[in-house]
Amino acid sequence: MEAERERLKKVACATIDAAADDLAALSAGIWEHPELNFEEHHAHKVLADFLERHGFETQRSYKLETAFRASHGSRAHGPNVTFICEYDALPEIGHACGHNLIAELGVAAGLGLKAAIEASGKPLGQVTVVGTPAEEGGGGKGKLIEHGAFDDVDVAMMSHPFPANDAKPRALAIEIFEVVYRGQESHAAGYPWKGVNALDAAVMCYQGLACLRQQCMPDWRIHCIILEGGVKVNVIPAKTRLHVGIRAPTDAQLARLKEKAMNVIEAAAKATECQFEHSVITKYASVLHNGVLADLYSANLSDVQAERGPEAYKEAPGSTDMGDVSHVLPAIHPMFYIGGTAVNHTRAFTADSGAACAQMYTLAQAKALALTGVDILTDPSLMDAITADFRRGLKEEQETAK
C-alpha cells in the first residue's frame, strides 16, 4: 500500500506542475482585480470557471453570492477532504494579505488530489474546493457554517502567505464592533455650553482604550479607529463613530477583555453626558490546529520543498474566520514564506503577493496539502486519529475557559 500511496503522490505533484502556468495566470488575474469582501465577483467567476474546466462538479453562488463549491468523487467511499480558497482584498492596498495565492493553491491542491483519486482506479472518497468570501472582516466562513456548507466536510485545509513559515501559527479570537456616541450640536463659539460634544467622548474612548493596553495580558490586543469625528469645526459634533477590535487566545479571555473595553466606552459616555450604542460587526474564534493534520502537512512539505525560507522566530498573532471552521471540524491553517521580507497588510506585501518568485513557494504548499489529502484517503486509520485530536483540542479549550 505504501508504494501505491507514493505513486499517487507523484501523480498529484505532476498534475500541479503541469498546470503551473495556468495557475500563475489565475492568481495574477485575481491580484490585478482586487475586490472587497462580498464583492468578489471576478474572482468567483474565474475560479469556478477554472475548476469546471478541469472536471469538477461546480456550484456557483453556493450559499453566498460570491462563494462556490467544486467537488469530485463521493463521500460514500471515503472522507471528504476540502481545500479552502480565499480571494477578497483590502481597501486601497489590494491583495496585501496574499489571498490571490490562497485561491491559487486551494485550486491547485484540488487538482492534484482529484488526479490522484482518478489514478487510483477505484473510489477513495471526495475532494472539494470551497471558495469562501469576505475573510477580511466579513466573516464569510462563519456565514457558510450557519448555512450548512461544511456539514459534510471531514477535514478542511488551507495555507496563508506570510513573511516566514509556521505550521501551527497562533490565531487569536477576535471581535470587531462599532461604537456610536450621540450628543447635541451647538455653535462652538456662540453657545458651546448648549452642546454635548460627541467628539470628546470618542477621544476619551480612544485614549482610555490606549491606557487599558497597559493592563492587558501579553497576548491580548486592542485596536481602535475614529471613522466620524464631526462635520465642521464651528459646530460641536453631535455624532461620532468608532470601530474597536479586540483579540485574545480564547473566547473566554475575549469576553473578559470585552467587559474591560465596555467599561472604558461607557465611562467616556458618562464623562461627556453623551449617549452611546454599540453593535458587533464580526467575531471569529481562535484557530484550533489539528496536530495530526499539521504533522502530515509538515512531513509532506519537507518532501516537496527543498528551499523553505525562514521559519517564524516569534509569535505574530493575527485572526481569521478559519478559526470558526476549526471549531466544527478538523482543520489546519499554516503560514508560508513567499520570498520577501514585507509583513502582511502593507503595500510591500501586495507587491510580494504578485511577484513571480512567490509561485515556487505557493505550488509547494499546494502539493503539501494535496499529498496530505492522499494520505487521508489511502489510510483509513488516519481519520480516527484526526478526529480524536480534534475532540481533544476542543476539550482542552473548554477546560481552559473554566
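**Notes on pockets, ring contacts and backbone angles**

1. The largest pocket holds about 1,500 Å³ of space, and this value, like every other one in this note, belongs to a predicted model. Of the 48 residues that line the largest pocket, those closest to its centre are Glu136, Arg247, Gly318, Ser319 and His345. When sorted by class, the lining of the largest pocket is made up of 24 nonpolar, 16 polar and eight charged residues.

2. It helps to ask next which strands take part in the lining of the largest pocket. At least two residues each are supplied by strand E6 (160-162), strand E7 (173-182), strand E8 (221-228), strand E9 (239-248) and strand E10 (275-284). The element that gives the most to this lining is E8, with five residues.

3. The second largest pocket contains about 480 Å³ of space, and its lining consists of 26 residues, with Ser286, Val287, Leu288, His289 and Glu397 lying nearest its centre. Here the largest share of the lining comes from a helix, namely H12 (residues 381-401), which provides eight residues. By class, the lining of the second largest pocket divides into ten nonpolar, eight polar and eight charged residues.

4. Turning to the aromatic rings, a search of the whole structure finds four aromatic pairs. One of them joins Phe68 and Tyr87, whose ring centres are 6.0 Å apart and whose planes meet at 15°, so the pair is stacked, given that planes under 30 degrees apart count as stacked. Phe68 lies in strand E2 (residues 68-73), while Tyr87 lies in the loop between strand E3 (80-85) and helix H4 (99-120), so the pair ties together parts that are 19 residues apart in sequence. Phe68 has 0% relative accessibility and therefore counts as buried, and Tyr87, with 0% relative accessibility, counts as buried too.

5. Tyr337 and Tyr361 also form an aromatic pair, and this one is edge-to-face, with 5.1 Å from centre to centre and 75° between the planes. Tyr337 belongs to strand E12 (residues 335-337) and Tyr361 to helix H11 (residues 358-378), and the pair links these distant parts of the chain, which are 24 residues apart. Are Tyr337 and Tyr361 buried or exposed? Both of these tyrosines are buried.

6. Two lysines deserve a look for their placement over aromatic rings. Lys114 lies over the face of Phe56, at 5.8 Å from the ring centre, and Lys258 lies over the face of Phe177, at 4.7 Å from the ring centre.

7. A last point concerns the backbone, where it is useful to remember that most residues other than glycine have a negative phi. Lys63, in the loop between strand E1 (57-60) and E2, has a positive phi near 70° although it is not a glycine. With a relative accessibility of 41%, Lys63 counts as partly exposed, because that term covers values between 20% and 50%.

8. Glu92 is a further residue other than glycine with a positive phi, in this case near 75°. Glu92 is placed in the loop between E3 and H4, and its relative accessibility of 74% means that it counts as exposed, since exposed stands for values over 50%. A student who follows the chain in the structure may note that Tyr87, the buried partner in the stacked pair, is likewise found in the loop between strand E3 and helix H4.

How values were computed:
Residues numbered from 1 in each chain as written. Predicted model: local features only at pLDDT ≥ 70, side-chain atom pairs only at ≥ 80, totals over all residues. Heavy atoms only, no water. Phe/Tyr/Trp six-rings, centres within 6.5 Å; stacked < 30°, edge-to-face > 60°. Helix = DSSP H or I, 4+ residues; strand = E, 2+ residues; numbered from the N terminus. Buried < 20%, exposed > 50% of the residue type's maximum accessible area, 1.4 Å probe, protein only. Lys NZ or Arg CZ within 6 Å of the ring centre and 35° of its normal. 1 Å grid on protein atoms, 1.4 Å probe; cavity = no way out; pocket = protein on both sides within 12 Å on 5 of 7 lines; lining within 4 Å. Points joined across faces, edges and corners; volume = space filled by probe spheres on them. Nonpolar A, V, L, I, M, F, W, Y, C, P; charged D, E, K, R; others polar.
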